[in-house]
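User: I've got this one open on my screen and I'd like to go through the labels people put on it. Can you walk me through where they come from?

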Amino acid sequence: MERTHVSAREIYKAVLENTSHSDQAVAKKKRKENGHQLPKPIKKTKRKNPGRQVLRGTQREVKMQKSAGPQCVDKDDKVTEGPDLEALLSDLAKINNSRERANKLFEWLIHPIPAKSFFRDTWEKKPILIRRQNREYYNGLFSTAEFDRILREDEVQFGVNLDVTSYTKGKRETHNPPGRALPLTVWDFYKRGCSLRMLNPQAFSSTVWNVLSILQEQFNSMAGANVYLTPAGTQGFAPHYDDIEAFVVQLEGKKHWRVYNPRNDDEVLAPVSSPNFSQSEIGEPILDVVLEAGDLLYFPRGFIHQGNCLPDAHSLHITISSYQRNSWGDLLQKLVPVALETAMEEDVEFRRGLPLDYLTYMGVQNSDKEDPRRSQFTAQALGLMKRLADFAPVDAAVDQKAKDFLHDCLPPVLTPEEKASSMQGAPARWEDGEARDVTVHMKAQTKIRLIRDGIARLCSEGDAVVLYHIADNSRVYHREEPKSFEIKEEHTDAVEFLIHSYPKFVSVGSLPCDTFEDKVSLAEILFERGLVHTSEPLLPS
(Lines give C-alpha, C1' and ligand atoms only; values in the text may rest on other atoms or scores of the structure.)
Protein backbone atom coordinates (compact mmCIF):
# COMPACT_ATOMS: atom_id res chain seq x y z
CA MET A 1 0.00 0.00 0.00
CA GLU A 2 1.42 3.33 -1.02
CA ARG A 3 2.18 5.74 1.79
CA THR A 4 1.59 9.43 1.46
CA HIS A 5 4.62 11.52 2.40
CA VAL A 6 4.09 13.78 5.39
CA SER A 7 6.52 16.64 5.86
CA ALA A 8 8.48 17.09 9.07
CA ARG A 9 6.80 20.45 9.55
CA GLU A 10 3.37 18.84 9.54
CA ILE A 11 4.55 16.05 11.86
CA TYR A 12 5.83 18.44 14.52
CA LYS A 13 2.96 20.84 14.02
CA ALA A 14 0.53 18.01 14.58
CA VAL A 15 2.33 17.01 17.78
CA LEU A 16 2.24 20.54 19.07
CA GLU A 17 -1.44 20.97 18.25
CA ASN A 18 -2.25 17.59 19.86
CA THR A 19 -4.07 16.30 16.80
CA SER A 20 -4.24 12.57 16.06
CA HIS A 21 -2.71 11.03 12.92
CA SER A 22 -2.18 7.44 14.12
CA ASP A 23 -3.76 4.52 15.90
CA GLN A 24 -2.10 5.66 19.10
CA ALA A 25 -4.01 8.06 21.31
CA VAL A 26 -2.81 11.65 21.30
CA ALA A 27 -2.60 13.66 24.51
CA LYS A 28 -5.35 16.10 25.41
CA LYS A 29 -3.01 18.21 27.53
CA LYS A 30 0.72 18.61 28.13
CA ARG A 31 2.37 15.66 29.82
CA LYS A 32 5.44 15.75 32.03
CA GLU A 33 8.02 13.17 33.08
CA ASN A 34 10.71 14.07 35.60
CA GLY A 35 10.07 17.72 34.91
CA HIS A 36 10.31 17.35 31.11
CA GLN A 37 7.28 17.42 28.85
CA LEU A 38 6.90 14.21 26.90
CA PRO A 39 4.51 14.52 23.97
CA LYS A 40 2.87 11.54 22.39
CA PRO A 41 4.25 10.62 19.00
CA ILE A 42 2.51 10.93 15.68
CA LYS A 43 2.84 7.88 13.43
CA LYS A 44 5.34 8.42 10.63
CA THR A 45 6.68 7.44 7.46
CA LYS A 46 40.89 -17.81 41.68
CA ARG A 47 44.50 -18.12 40.78
CA LYS A 48 46.83 -21.19 40.87
CA ASN A 49 49.71 -19.85 38.81
CA PRO A 50 49.48 -16.11 38.28
CA GLY A 51 51.86 -16.29 35.34
CA ARG A 52 49.51 -18.33 33.18
CA GLN A 53 45.89 -18.23 32.30
CA VAL A 54 43.37 -20.45 34.05
CA LEU A 55 39.91 -20.81 32.59
CA ARG A 56 37.25 -22.58 34.61
CA GLY A 57 33.78 -23.61 33.72
CA THR A 58 30.82 -21.89 35.24
CA GLN A 59 30.17 -22.58 38.91
CA ARG A 60 26.53 -21.51 38.99
CA GLU A 61 23.40 -21.94 36.96
CA VAL A 62 22.87 -18.37 35.82
CA LYS A 63 20.67 -17.28 32.97
CA MET A 64 22.57 -16.24 29.87
CA GLN A 65 25.80 -17.76 31.22
CA LYS A 66 24.78 -21.42 31.22
CA SER A 67 26.53 -22.07 27.92
CA ALA A 68 28.70 -18.98 27.83
CA GLY A 69 32.05 -19.65 29.50
CA PRO A 70 34.82 -17.07 29.18
CA GLN A 71 36.65 -16.89 25.91
CA CYS A 72 40.37 -16.44 25.32
CA VAL A 73 41.92 -15.21 22.11
CA ASP A 74 45.62 -16.12 22.24
CA LYS A 75 47.78 -16.13 19.16
CA ASP A 76 50.18 -18.81 20.48
CA ASP A 77 52.97 -16.32 21.17
CA LYS A 78 52.47 -14.72 17.77
CA VAL A 79 52.64 -10.94 18.02
CA THR A 80 49.45 -9.13 17.08
CA GLU A 81 50.46 -6.16 15.01
CA GLY A 82 48.43 -3.01 14.97
CA PRO A 83 48.65 0.56 13.75
CA ASP A 84 50.14 3.31 15.85
CA LEU A 85 47.23 5.06 17.59
CA GLU A 86 48.23 8.52 16.38
CA ALA A 87 48.39 7.25 12.80
CA LEU A 88 45.10 5.41 13.24
CA LEU A 89 43.31 8.52 14.47
CA SER A 90 44.78 10.47 11.57
CA ASP A 91 43.49 7.86 9.11
CA LEU A 92 40.08 7.83 10.79
CA ALA A 93 39.81 11.58 10.29
CA LYS A 94 39.84 10.92 6.54
CA ILE A 95 36.74 8.72 6.72
CA ASN A 96 33.73 10.66 5.58
CA ASN A 97 31.18 9.04 7.88
CA SER A 98 31.50 9.35 11.68
CA ARG A 99 29.65 6.05 12.20
CA GLU A 100 32.24 4.28 10.06
CA ARG A 101 35.03 5.96 12.06
CA ALA A 102 33.48 4.62 15.25
CA ASN A 103 33.26 1.09 13.86
CA LYS A 104 36.88 1.16 12.66
CA LEU A 105 38.15 2.39 16.03
CA PHE A 106 36.16 -0.26 17.89
CA GLU A 107 37.60 -2.93 15.58
CA TRP A 108 41.08 -1.71 16.54
CA LEU A 109 40.16 -1.86 20.25
CA ILE A 110 39.04 -5.52 20.12
CA HIS A 111 41.27 -6.76 17.26
CA PRO A 112 41.52 -9.52 16.06
CA ILE A 113 37.88 -10.27 16.92
CA PRO A 114 35.46 -8.94 14.29
CA ALA A 115 32.96 -6.48 15.71
CA LYS A 116 30.01 -8.37 14.27
CA SER A 117 30.93 -11.65 16.00
CA PHE A 118 31.75 -9.80 19.23
CA PHE A 119 28.32 -8.24 19.46
CA ARG A 120 26.64 -11.50 18.43
CA ASP A 121 28.53 -13.94 20.69
CA THR A 122 30.11 -11.97 23.55
CA TRP A 123 28.44 -8.63 24.21
CA GLU A 124 26.38 -8.76 27.43
CA LYS A 125 26.98 -12.55 27.60
CA LYS A 126 30.48 -13.51 28.77
CA PRO A 127 33.99 -12.24 29.46
CA ILE A 128 36.65 -12.36 26.78
CA LEU A 129 40.43 -12.11 27.02
CA ILE A 130 42.54 -10.96 24.09
CA ARG A 131 46.28 -11.62 24.37
CA ARG A 132 48.40 -9.82 21.83
CA GLN A 133 52.05 -10.45 22.78
CA ASN A 134 52.55 -6.83 21.80
CA ARG A 135 53.26 -4.43 24.64
CA GLU A 136 53.07 -1.45 22.31
CA TYR A 137 49.63 -2.14 20.85
CA TYR A 138 47.89 0.57 22.89
CA ASN A 139 50.84 2.99 22.99
CA GLY A 140 49.74 6.59 22.78
CA LEU A 141 46.41 6.14 24.52
CA PHE A 142 47.63 7.06 28.02
CA SER A 143 50.80 6.63 30.12
CA THR A 144 52.26 7.22 33.58
CA ALA A 145 54.18 10.15 32.05
CA GLU A 146 50.89 11.74 31.04
CA PHE A 147 49.46 10.98 34.48
CA ASP A 148 52.36 12.93 35.99
CA ARG A 149 51.97 15.78 33.50
CA ILE A 150 48.30 16.14 34.33
CA LEU A 151 49.05 16.32 38.07
CA ARG A 152 51.57 19.08 37.42
CA GLU A 153 49.68 21.14 34.87
CA ASP A 154 45.97 20.68 35.54
CA GLU A 155 43.58 21.35 38.39
CA VAL A 156 43.10 17.78 39.59
CA GLN A 157 40.96 17.59 42.71
CA PHE A 158 40.90 14.72 45.21
CA GLY A 159 37.51 13.04 45.23
CA VAL A 160 36.45 14.73 42.01
CA ASN A 161 39.12 13.76 39.51
CA LEU A 162 41.33 11.46 41.59
CA ASP A 163 40.78 8.77 44.23
CA VAL A 164 43.48 7.28 46.44
CA THR A 165 42.51 3.74 47.48
CA SER A 166 43.79 0.59 49.15
CA TYR A 167 42.54 -2.93 49.81
CA THR A 168 44.41 -4.84 52.52
CA LYS A 169 43.35 -7.71 54.75
CA GLY A 170 39.89 -7.63 53.22
CA LYS A 171 39.32 -3.94 53.93
CA ARG A 172 38.78 -1.35 51.20
CA GLU A 173 39.66 2.25 52.10
CA THR A 174 39.70 5.63 50.39
CA HIS A 175 42.39 8.09 51.51
CA ASN A 176 41.41 11.31 49.74
CA PRO A 177 42.54 14.49 51.49
CA PRO A 178 40.72 17.70 50.60
CA GLY A 179 41.84 20.02 47.83
CA ARG A 180 44.06 19.80 44.80
CA ALA A 181 45.94 16.60 44.03
CA LEU A 182 49.53 17.86 43.76
CA PRO A 183 52.37 15.56 42.69
CA LEU A 184 54.16 15.54 46.06
CA THR A 185 51.07 14.26 47.88
CA VAL A 186 49.88 11.90 45.17
CA TRP A 187 53.22 10.18 44.57
CA ASP A 188 53.76 9.86 48.33
CA PHE A 189 50.50 7.92 48.56
CA TYR A 190 51.63 5.75 45.67
CA LYS A 191 55.04 5.04 47.29
CA ARG A 192 53.17 3.91 50.41
CA GLY A 193 51.22 1.32 48.40
CA CYS A 194 48.03 3.12 47.46
CA SER A 195 46.31 2.84 44.11
CA LEU A 196 45.41 5.93 42.11
CA ARG A 197 42.21 6.18 40.10
CA MET A 198 41.76 9.08 37.70
CA LEU A 199 38.02 9.38 37.26
CA ASN A 200 37.68 11.36 34.05
CA PRO A 201 40.90 11.31 32.03
CA GLN A 202 39.05 12.64 29.01
CA ALA A 203 38.91 16.03 30.73
CA PHE A 204 42.71 16.23 30.69
CA SER A 205 43.90 13.98 27.86
CA SER A 206 43.07 15.03 24.32
CA THR A 207 43.72 11.52 23.03
CA VAL A 208 41.34 9.88 25.50
CA TRP A 209 38.77 12.54 24.68
CA ASN A 210 39.13 11.85 20.97
CA VAL A 211 38.86 8.08 21.38
CA LEU A 212 35.78 8.25 23.62
CA SER A 213 34.04 10.86 21.49
CA ILE A 214 34.35 8.52 18.51
CA LEU A 215 33.34 5.35 20.38
CA GLN A 216 30.16 6.93 21.75
CA GLU A 217 28.76 6.74 18.24
CA GLN A 218 29.52 3.00 18.14
CA PHE A 219 27.50 2.35 21.29
CA ASN A 220 24.88 5.10 20.98
CA SER A 221 25.51 5.36 24.71
CA MET A 222 27.99 7.34 26.73
CA ALA A 223 31.57 6.09 26.46
CA GLY A 224 33.45 6.83 29.68
CA ALA A 225 36.81 5.94 31.16
CA ASN A 226 38.80 5.63 34.38
CA VAL A 227 42.58 5.22 34.64
CA TYR A 228 44.06 2.98 37.36
CA LEU A 229 47.69 3.11 38.50
CA THR A 230 48.60 0.40 41.03
CA PRO A 231 51.95 -0.19 42.77
CA ALA A 232 53.62 -3.61 42.55
CA GLY A 233 52.39 -6.15 45.09
CA THR A 234 49.22 -4.27 46.02
CA GLN A 235 45.47 -4.21 45.39
CA GLY A 236 43.35 -1.09 45.34
CA PHE A 237 39.78 -2.35 45.21
CA ALA A 238 37.62 -5.05 46.77
CA PRO A 239 35.75 -7.58 44.64
CA HIS A 240 32.62 -6.01 43.13
CA TYR A 241 30.57 -5.78 39.97
CA ASP A 242 29.70 -2.72 37.94
CA ASP A 243 26.70 -1.45 36.00
CA ILE A 244 28.68 -0.93 32.77
CA GLU A 245 30.15 -2.99 29.96
CA ALA A 246 33.88 -2.89 30.76
CA PHE A 247 36.86 -2.98 28.39
CA VAL A 248 40.03 -3.24 30.49
CA VAL A 249 42.93 -1.99 28.38
CA GLN A 250 46.35 -2.85 29.85
CA LEU A 251 48.74 0.01 29.08
CA GLU A 252 51.84 -0.64 31.21
CA GLY A 253 53.17 -3.39 33.47
CA LYS A 254 50.84 -6.25 34.29
CA LYS A 255 47.96 -7.12 36.57
CA HIS A 256 46.41 -10.33 37.90
CA TRP A 257 42.67 -10.44 37.28
CA ARG A 258 39.97 -12.79 38.56
CA VAL A 259 36.46 -12.66 37.12
CA TYR A 260 33.43 -14.44 38.64
CA ASN A 261 29.98 -15.24 37.38
CA PRO A 262 27.00 -13.25 38.64
CA ARG A 263 25.93 -14.94 41.86
CA ASN A 264 22.29 -15.28 40.83
CA ASP A 265 19.87 -14.29 38.12
CA ASP A 266 19.15 -10.95 39.78
CA GLU A 267 22.76 -9.87 39.20
CA VAL A 268 22.88 -10.74 35.51
CA LEU A 269 23.27 -7.48 33.59
CA ALA A 270 23.07 -5.62 36.90
CA PRO A 271 21.36 -2.23 36.66
CA VAL A 272 23.40 -0.78 39.54
CA SER A 273 26.91 -1.41 40.83
CA SER A 274 27.40 -3.68 43.83
CA PRO A 275 28.83 -2.98 47.27
CA ASN A 276 32.21 -4.44 48.08
CA PHE A 277 32.23 -8.22 48.60
CA SER A 278 34.31 -10.39 50.89
CA GLN A 279 36.21 -13.27 49.29
CA SER A 280 33.80 -15.75 50.92
CA GLU A 281 30.82 -14.24 49.08
CA ILE A 282 31.97 -14.68 45.51
CA GLY A 283 32.98 -18.32 45.02
CA GLU A 284 35.59 -19.46 42.51
CA PRO A 285 36.62 -17.40 39.48
CA ILE A 286 35.73 -18.44 35.96
CA LEU A 287 38.71 -16.49 34.67
CA ASP A 288 42.10 -16.21 36.40
CA VAL A 289 44.68 -14.44 34.27
CA VAL A 290 47.56 -11.98 34.18
CA LEU A 291 47.01 -9.10 31.81
CA GLU A 292 50.15 -7.66 30.23
CA ALA A 293 50.59 -4.46 28.28
CA GLY A 294 48.72 -4.68 24.98
CA ASP A 295 46.13 -7.15 26.28
CA LEU A 296 42.40 -6.54 26.59
CA LEU A 297 39.84 -7.98 29.02
CA TYR A 298 36.12 -7.45 28.50
CA PHE A 299 33.34 -8.42 30.91
CA PRO A 300 29.66 -7.48 31.04
CA ARG A 301 27.92 -5.68 33.85
CA GLY A 302 27.12 -7.96 36.79
CA PHE A 303 30.33 -10.00 36.50
CA ILE A 304 32.30 -9.76 39.77
CA HIS A 305 35.96 -8.91 39.33
CA GLN A 306 39.09 -7.99 41.24
CA GLY A 307 42.61 -7.12 40.18
CA ASN A 308 45.90 -7.12 42.05
CA CYS A 309 49.47 -6.34 41.09
CA LEU A 310 52.16 -9.00 41.19
CA PRO A 311 55.30 -8.31 43.22
CA ASP A 312 57.48 -7.63 40.18
CA ALA A 313 55.61 -4.91 38.31
CA HIS A 314 53.29 -1.95 38.62
CA SER A 315 50.13 -1.71 36.52
CA LEU A 316 48.54 1.04 34.49
CA HIS A 317 45.27 0.33 32.77
CA ILE A 318 42.34 2.29 31.46
CA THR A 319 38.82 0.93 31.65
CA ILE A 320 36.60 2.09 28.82
CA SER A 321 32.95 1.72 29.70
CA SER A 322 29.54 2.06 28.13
CA TYR A 323 25.88 1.01 28.33
CA GLN A 324 25.15 2.37 31.77
CA ARG A 325 21.39 2.67 32.25
CA ASN A 326 20.73 1.76 28.65
CA SER A 327 18.41 -1.24 28.94
CA TRP A 328 14.85 -1.92 27.85
CA GLY A 329 13.85 -1.40 31.47
CA ASP A 330 15.38 2.08 31.42
CA LEU A 331 13.36 2.92 28.34
CA LEU A 332 10.18 1.60 29.94
CA GLN A 333 10.80 3.83 32.95
CA LYS A 334 10.35 6.70 30.54
CA LEU A 335 7.47 5.15 28.66
CA VAL A 336 5.10 3.52 31.17
CA PRO A 337 4.27 6.56 33.37
CA VAL A 338 3.30 8.62 30.34
CA ALA A 339 1.32 5.77 28.80
CA LEU A 340 -0.63 5.38 32.05
CA GLU A 341 -1.34 9.09 32.25
CA THR A 342 -2.60 9.04 28.68
CA ALA A 343 -4.74 5.96 29.25
CA MET A 344 -6.41 7.51 32.28
CA GLU A 345 -7.22 10.59 30.25
CA GLU A 346 -8.61 8.80 27.24
CA ASP A 347 -10.05 5.43 28.33
CA VAL A 348 -12.84 5.32 30.88
CA GLU A 349 -11.90 1.74 31.90
CA PHE A 350 -8.77 3.09 33.59
CA ARG A 351 -10.89 5.62 35.49
CA ARG A 352 -13.49 3.21 36.87
CA GLY A 353 -13.40 2.83 40.66
CA LEU A 354 -11.94 -0.19 42.41
CA PRO A 355 -14.44 -2.64 43.99
CA LEU A 356 -15.77 -1.38 47.28
CA ASP A 357 -14.60 -4.49 49.16
CA TYR A 358 -11.31 -5.21 47.34
CA LEU A 359 -9.21 -4.64 50.49
CA THR A 360 -11.00 -7.53 52.18
CA TYR A 361 -9.77 -10.17 49.71
CA MET A 362 -6.69 -8.69 48.01
CA GLY A 363 -3.20 -7.95 49.34
CA VAL A 364 -0.52 -10.13 50.91
CA GLN A 365 -2.51 -10.82 54.06
CA ASN A 366 -5.26 -12.31 51.87
CA SER A 367 -3.03 -14.11 49.38
CA ASP A 368 -3.86 -17.60 50.79
CA LYS A 369 -7.61 -17.07 50.54
CA GLU A 370 -9.55 -19.18 48.08
CA ASP A 371 -11.87 -16.48 46.88
CA PRO A 372 -13.06 -16.27 43.27
CA ARG A 373 -13.03 -12.50 43.50
CA ARG A 374 -9.20 -12.64 43.69
CA SER A 375 -8.83 -14.17 40.25
CA GLN A 376 -11.38 -11.77 38.80
CA PHE A 377 -9.56 -8.78 40.28
CA THR A 378 -6.18 -10.00 39.04
CA ALA A 379 -7.54 -10.67 35.55
CA GLN A 380 -8.95 -7.16 35.39
CA ALA A 381 -5.63 -5.60 36.46
CA LEU A 382 -3.65 -7.68 33.95
CA GLY A 383 -6.09 -6.86 31.21
CA LEU A 384 -5.64 -3.16 31.80
CA MET A 385 -1.87 -3.62 31.72
CA LYS A 386 -2.13 -5.23 28.30
CA ARG A 387 -4.43 -2.48 27.16
CA LEU A 388 -1.87 0.09 28.34
CA ALA A 389 0.32 -0.75 25.35
CA ASP A 390 -2.18 0.97 23.07
CA PHE A 391 -1.33 4.28 24.70
CA ALA A 392 2.47 3.93 24.76
CA PRO A 393 4.27 6.85 23.03
CA VAL A 394 7.33 4.77 22.12
CA ASP A 395 8.98 7.28 19.80
CA ALA A 396 8.63 10.10 22.31
CA ALA A 397 10.12 7.91 25.07
CA VAL A 398 13.04 7.07 22.78
CA ASP A 399 13.56 10.78 22.24
CA GLN A 400 13.75 11.23 26.01
CA LYS A 401 16.45 8.53 26.15
CA ALA A 402 18.23 10.26 23.29
CA LYS A 403 18.18 13.57 25.16
CA ASP A 404 19.80 11.89 28.16
CA PHE A 405 22.43 10.37 25.88
CA LEU A 406 23.21 13.71 24.24
CA HIS A 407 23.65 15.28 27.67
CA ASP A 408 26.08 12.48 28.59
CA CYS A 409 28.09 12.82 25.39
CA LEU A 410 31.50 14.34 24.92
CA PRO A 411 31.73 17.12 22.36
CA PRO A 412 33.26 16.08 19.04
CA VAL A 413 36.99 16.46 18.39
CA LEU A 414 37.14 18.19 15.04
CA THR A 415 39.64 17.18 12.39
CA PRO A 416 41.82 19.95 10.88
CA GLU A 417 39.59 19.98 7.81
CA GLU A 418 36.45 20.23 9.93
CA LYS A 419 37.91 23.10 11.92
CA ALA A 420 38.77 24.99 8.75
CA SER A 421 35.27 24.58 7.33
CA SER A 422 33.28 25.17 10.51
CA MET A 423 32.59 28.00 12.90
CA GLN A 424 36.05 27.45 14.43
CA GLY A 425 37.67 28.35 11.10
CA ALA A 426 35.40 31.22 10.16
CA PRO A 427 37.34 34.15 8.67
CA ALA A 428 36.41 36.64 11.42
CA ARG A 429 39.55 38.52 12.49
CA TRP A 430 41.04 41.79 13.70
CA GLU A 431 42.63 43.73 10.88
CA ASP A 432 43.66 47.34 10.36
CA GLY A 433 42.21 48.43 13.65
CA GLU A 434 38.81 46.85 13.27
CA ALA A 435 36.92 43.55 13.41
CA ARG A 436 36.31 42.07 9.98
CA ASP A 437 34.13 39.30 8.52
CA VAL A 438 32.13 38.80 11.67
CA THR A 439 29.04 37.82 9.68
CA VAL A 440 28.58 34.47 7.97
CA HIS A 441 27.23 34.71 4.45
CA MET A 442 25.73 31.55 2.98
CA LYS A 443 24.86 31.29 -0.70
CA ALA A 444 22.48 28.98 -2.52
CA GLN A 445 25.39 26.90 -3.86
CA THR A 446 27.17 26.64 -0.47
CA LYS A 447 27.20 22.98 0.56
CA ILE A 448 26.74 22.01 4.20
CA ARG A 449 26.30 18.90 6.34
CA LEU A 450 26.17 17.97 10.02
CA ILE A 451 29.61 17.67 11.63
CA ARG A 452 28.70 14.28 13.11
CA ASP A 453 25.91 11.85 12.40
CA GLY A 454 24.65 11.92 15.99
CA ILE A 455 25.43 15.52 16.86
CA ALA A 456 21.80 16.64 17.15
CA ARG A 457 18.22 15.40 17.49
CA LEU A 458 14.84 16.99 16.92
CA CYS A 459 12.34 16.61 19.75
CA SER A 460 8.84 17.94 20.39
CA GLU A 461 8.53 19.70 23.73
CA GLY A 462 5.43 21.38 24.96
CA ASP A 463 4.58 24.07 22.44
CA ALA A 464 7.90 23.94 20.60
CA VAL A 465 10.18 21.86 18.42
CA VAL A 466 13.65 21.77 20.02
CA LEU A 467 17.00 20.70 18.61
CA TYR A 468 19.21 19.05 21.24
CA HIS A 469 22.91 18.80 20.42
CA ILE A 470 26.40 18.03 21.77
CA ALA A 471 28.49 20.69 20.00
CA ASP A 472 29.01 22.75 23.16
CA ASN A 473 29.09 19.93 25.73
CA SER A 474 31.76 19.94 28.41
CA ARG A 475 34.51 17.32 28.60
CA VAL A 476 33.53 16.99 32.27
CA TYR A 477 30.46 14.80 32.76
CA HIS A 478 27.32 16.89 33.27
CA ARG A 479 29.23 20.03 34.19
CA GLU A 480 26.69 21.97 32.19
CA GLU A 481 23.01 21.71 31.35
CA PRO A 482 21.84 19.99 28.17
CA LYS A 483 22.36 22.08 25.04
CA SER A 484 19.35 22.91 22.92
CA PHE A 485 17.55 25.65 21.07
CA GLU A 486 14.12 26.09 19.56
CA ILE A 487 13.59 25.47 15.87
CA LYS A 488 11.12 27.62 13.96
CA GLU A 489 8.20 25.84 12.39
CA GLU A 490 9.36 26.77 8.91
CA HIS A 491 12.77 25.18 9.54
CA THR A 492 11.70 21.73 10.80
CA ASP A 493 11.56 20.04 7.39
CA ALA A 494 15.02 21.32 6.52
CA VAL A 495 16.60 20.21 9.80
CA GLU A 496 15.21 16.73 9.34
CA PHE A 497 16.43 16.78 5.75
CA LEU A 498 19.97 17.58 6.94
CA ILE A 499 19.87 14.84 9.58
CA HIS A 500 18.80 12.23 7.05
CA SER A 501 21.20 13.44 4.34
CA TYR A 502 24.34 12.76 6.40
CA PRO A 503 27.10 12.07 5.35
CA LYS A 504 26.33 13.84 2.08
CA PHE A 505 26.84 17.57 1.69
CA VAL A 506 23.74 19.33 0.42
CA SER A 507 23.42 22.82 -0.99
CA VAL A 508 21.75 25.54 1.01
CA GLY A 509 19.46 26.07 -1.93
CA SER A 510 18.16 22.50 -1.71
CA LEU A 511 16.93 22.85 1.87
CA PRO A 512 13.15 22.34 1.95
CA CYS A 513 12.12 25.74 3.25
CA ASP A 514 9.43 27.95 1.76
CA THR A 515 11.70 30.89 1.00
CA PHE A 516 15.36 31.39 0.15
CA GLU A 517 15.66 33.65 3.17
CA ASP A 518 14.54 30.76 5.41
CA LYS A 519 17.12 28.43 3.81
CA VAL A 520 19.97 30.88 4.40
CA SER A 521 18.77 31.79 7.89
CA LEU A 522 18.71 28.15 9.02
CA ALA A 523 22.10 27.35 7.45
CA GLU A 524 23.70 30.33 9.19
CA ILE A 525 22.09 29.48 12.55
CA LEU A 526 23.34 25.86 12.42
CA PHE A 527 26.81 27.00 11.28
CA GLU A 528 27.12 29.53 14.08
CA ARG A 529 25.95 26.89 16.59
CA GLY A 530 28.76 24.59 15.44
CA LEU A 531 26.44 21.88 14.14
CA VAL A 532 27.27 22.03 10.44
CA HIS A 533 30.34 22.71 8.35
CA THR A 534 30.79 23.58 4.72
CA SER A 535 32.32 21.46 1.97
CA GLU A 536 34.93 24.22 1.47
CA PRO A 537 36.15 26.81 3.98
CA LEU A 538 34.25 30.08 3.78
CA LEU A 539 36.30 32.88 2.27
CA PRO A 540 36.61 36.43 3.65
CA SER A 541 34.25 38.85 2.03
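**Where the labels come from**

Analyst: Sure. Let's begin at the start of α2, where a side-chain oxygen of aspartate 84 reaches to within 3.1 Å of the backbone nitrogen of glutamate 86. Keep in mind that this is a predicted model.

User: What makes that pair at the start of α2 a polar contact?

Analyst: The cut-off for a pair of N or O atoms is 3.5 Å. The oxygen of aspartate 84 is within 3.1 Å of the nitrogen of glutamate 86, so the pair qualifies.

User: Which residues of α2 are buried?

Analyst: For α2 (residues 85-92), they are Leu85, Leu88, Leu89 and Leu92.

User: How do you know which side of α2 they are on?

Analyst: They cover an arc of only 95° around the axis, so they sit on the same side of α2. As a rule, an α-helix has 3.6 residues a turn, so residues three or four places apart point the same way.

User: What do those buried residues pack against?

Analyst: The partners are α3 (98-110) and α7 (206-219). In the α7 case, Leu85, Leu89 and Leu92 of α2 meet Thr207, Asn210, Val211 and Ile214.

User: Why are α2 and α7 called oblique?

Analyst: Their packing angle is about 45°, and the axes are 12 Å apart. Under 35 degrees would count as roughly parallel, and roughly perpendicular runs from 65 to 115. An angle of about 45° falls in neither range, so the pair is oblique. The crossing of α2 past α7 is left-handed.

User: What about α8 and α10: what makes that pair oblique?

Analyst: Helix α8 (residues 328-346) and helix α10 (residues 394-408) pack at about 120°, their axes 9 Å apart. That angle makes α8 oblique to α10, because roughly perpendicular ends at 115 and roughly antiparallel needs over 145. Here the crossing is right-handed. On the α8 side, Asp330, Leu331, Lys334 and Leu335 take part, and their α10 partners include Val394, Ala397 and Lys401.

User: Why is aspartate 371 called buried?

Analyst: Buried means under 20% relative accessible area. Aspartate 371 has 17%, so it is buried. This residue lies in the loop between α8 and α9 (372-388), and its side chain makes a polar contact with the side chain of arginine 373 at 2.7 Å.

User: And why is asparagine 96 only called partly exposed?

Analyst: Exposed takes over 50%, and buried takes under 20%. Asparagine 96 has 41% relative accessibility, so it counts as partly exposed. You'll find asparagine 96 in the loop between α2 and α3. Leaving aside neighbours within four places in sequence, asparagine 96 is in contact with Arg449, Tyr502 and Pro503.

User: What makes leucine 251 buried?

Analyst: Its relative accessibility is 7%, which is under the 20% cut-off, so leucine 251 counts as buried. Leucine 251 sits in strand β10 (residues 245-260). Not counting residues up to four places away in sequence, leucine 251 touches several others, among them Tyr138, Phe142 and His317. Leucine 251 and histidine 317 are 66 residues apart in sequence, with their C-alpha atoms 5.1 Å apart.

User: Last one: how do you know the buried residues of α5 line one face?

Analyst: In helix α5 (residues 144-153), the buried ones are Glu146, Phe147, Ile150 and Leu151. Looking down the axis, these fall within an arc of 145°, so they line one face of α5. The face turned away from them carries the exposed residues Ala145, Arg152 and Glu153.

Methods: Residues numbered from 1 in each chain as written. Predicted model: local features only at pLDDT ≥ 70, side-chain atom pairs only at ≥ 80, totals over all residues. Heavy atoms only, no water. Buried < 20%, exposed > 50% of the residue type's maximum accessible area, 1.4 Å probe, protein only. Helix = DSSP H or I, 4+ residues; strand = E, 2+ residues; numbered from the N terminus. Arc of directions from axis to C-beta. Contact = heavy atoms within 4.5 Å. Polar contact = N/O pair within 3.5 Å; in protein donor to acceptor, adjacent residues only side chain to side chain. Axes fitted to C-alpha atoms, helices over the stretch in contact; angles between N-to-C directions. Left-handed = near helix turned anticlockwise from the far one by under 90°.
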